[in-house]
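Me: I have a model open and would like to go through some of the labels people put on it. Could you walk me through the reasoning behind them?

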Amino acid sequence: MVQLADSDIKTREVLAWKGVHLFHFSGSSCSQKTRIYLNLKGIKWESHLVDLSGNENFGERYLGINPRGLVPALVLDGAVHIESNDIIAELEKNFPEPRLIPVGRESEIAELLEHEDNLHLDLRTLSFRFAFGRKGPPKSAEALASYREGGSGTVQGRADANKDREINFWERAALEGFTDEACRKSALKFQAAYNKLDADLAGNDYLLGDALTVVDIAWFIYTNRLALAGYPFTRLHPNVAAWLDKLRLKPEFSQEIQMPPAAREAMDATRHEQEQAGATLSQVTGF
Ligand SMILES: N[C@@H](CCC(=O)N[C@@H](CS)C(=O)NCC(=O)O)C(=O)O
């Protein structure tokens with residue numbers, strides 16, 4: 001569990017907040033995961049938007065709440081929790097019904113979610129290259145300088161290496177872009193993961209059997225994003241493709257993945273450009 005220590009938090013006002021507050025961004029995959037969880041639970045929460053596209057997460061105020069500069073962050077009765085999977089586990093303790101982490105399966109689920117979280121930078125690589133199709137450095141040197149300098153730099157009282165890992169990721173992206181080689185490596189990791197998930201779904205409604213769990217929510221978000229990037233689910237993992245379609249019909253899920261029309265148009269234009277250039281995700285990764 002990543003509940004921040006008092007010394008990690010520089011934006012002190014949040015310590016007095018009561019109830020459930022979520023810092024999030026509409027298009028962020030980890031925020032979408034958390035919001036779907038909140039919807040399915042029927043938990044009432046207060047929304048605090050953090051504009052990732054304007055680098056608000058690298059400003060002093062947000063770094064004072066989450067020293068890692070990542071969304072989501074939860075403030076629950078004045079306690080600050082970070083890391084989406086830990087946020088969900090904390091909420092499950094406080095709002096047990098309906099259960100989305102079945103009793104007795106907590107450690108198995110924690111392990112599955114850790115595996116999912118370990119693929120986050122791979123998701124980002126494929127999203128930026130094939131879904132967002134951004135040209136140029138995704139984060140400016142100035143924004144990264146603010147990120148490097150801001151906040152306590154500690155998590156649970158200890159110097160935090162995650163921020164360095166994030167900064168390295170963005171600096172490398174600025175230098176090299178999201179290369180064919182990096183995309184191939186990331187796609188191979190997903191292919192291995194989805195081969196297993198596809199087998200798990202054979203004869204089952206959900207990833208862990210008959211009941212929907214947080215594991216479905218977590219992988220739904222990745223799968224939706226990768227499908228938008230052009231990952232060929234129907235051809236490679238048909239059970240996953242059918243499960244994705246089924247979950248997309250549920251309002252608790254669908255309302256969190258809606259895209260503003262301009263963003264949708266930009267994504268379609270990116271896909272079209274890549275098709276014309278013979279550089280789609282399938283073509284680059286050889287899938
Ligand atoms: N392991 C973290 C990952 C959080 C993360 O990487 N969030 C992304 C959005 S999905 C973010 O805040 N990115 C910062 C940015 O794009 O500037 C979690 O599960 O909460």
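Reply: Gladly! This is a predicted model, and helices α5 and α7 are a good place to start: they are roughly parallel to each other.

Me: Why are α5 and α7 called roughly parallel?

Reply: Helix α5 (residues 120-132) and helix α7 (residues 161-176) pack at an angle of about 25°, their axes being 12 Å apart. Angles under 35 degrees count as roughly parallel, and therefore the label fits α5 and α7. The crossing in which α5 passes α7 is right-handed.

Me: What makes the contact between them, and which classes of residue take part?

Reply: From α5 come Leu 121, Arg 124, Thr 125 and Phe 128, while α7 brings Arg 165, Glu 166, Phe 169 and Trp 170. By class, that contact has 4 nonpolar, 1 polar and 3 charged residues.

Me: How do you know that strands β1 and β2 pair?

Reply: Pairing takes at least two bridges between the strands, and 4 bridges join β1 (residues 20-24) to β2 (residues 46-49), so they qualify. The two strands run parallel. One of the bridge partners in β2 is Glu 46, which pairs with His 21. Together with helix α1 (residues 29-41), β1 and β2 make a right-handed β-α-β unit.

Me: What is the omega at Pro 72 and at Pro 98?

Reply: The peptide bond from Val 71 to Pro 72 is cis, with omega near 5°, and Pro 72 lies in the loop between α2 and β3. Glu 97 and Pro 98 are also joined by a cis peptide bond, with omega about -15°; Pro 98 is in the loop between α3 and α4.

Terms used:
Residues numbered from 1 in each chain as written. Predicted model: local features only at pLDDT ≥ 70, side-chain atom pairs only at ≥ 80, totals over all residues. Heavy atoms only, no water. Right-handed = clockwise from strand over helix to strand, strands pointing away. Axes fitted to C-alpha atoms, helices over the stretch in contact; angles between N-to-C directions. Parallel < 35°, antiparallel > 145°, perpendicular 65-115°, else oblique. Left-handed = near helix turned anticlockwise from the far one by under 90°. Contact = heavy atoms within 4.5 Å. Nonpolar A, V, L, I, M, F, W, Y, C, P; charged D, E, K, R; others polar.
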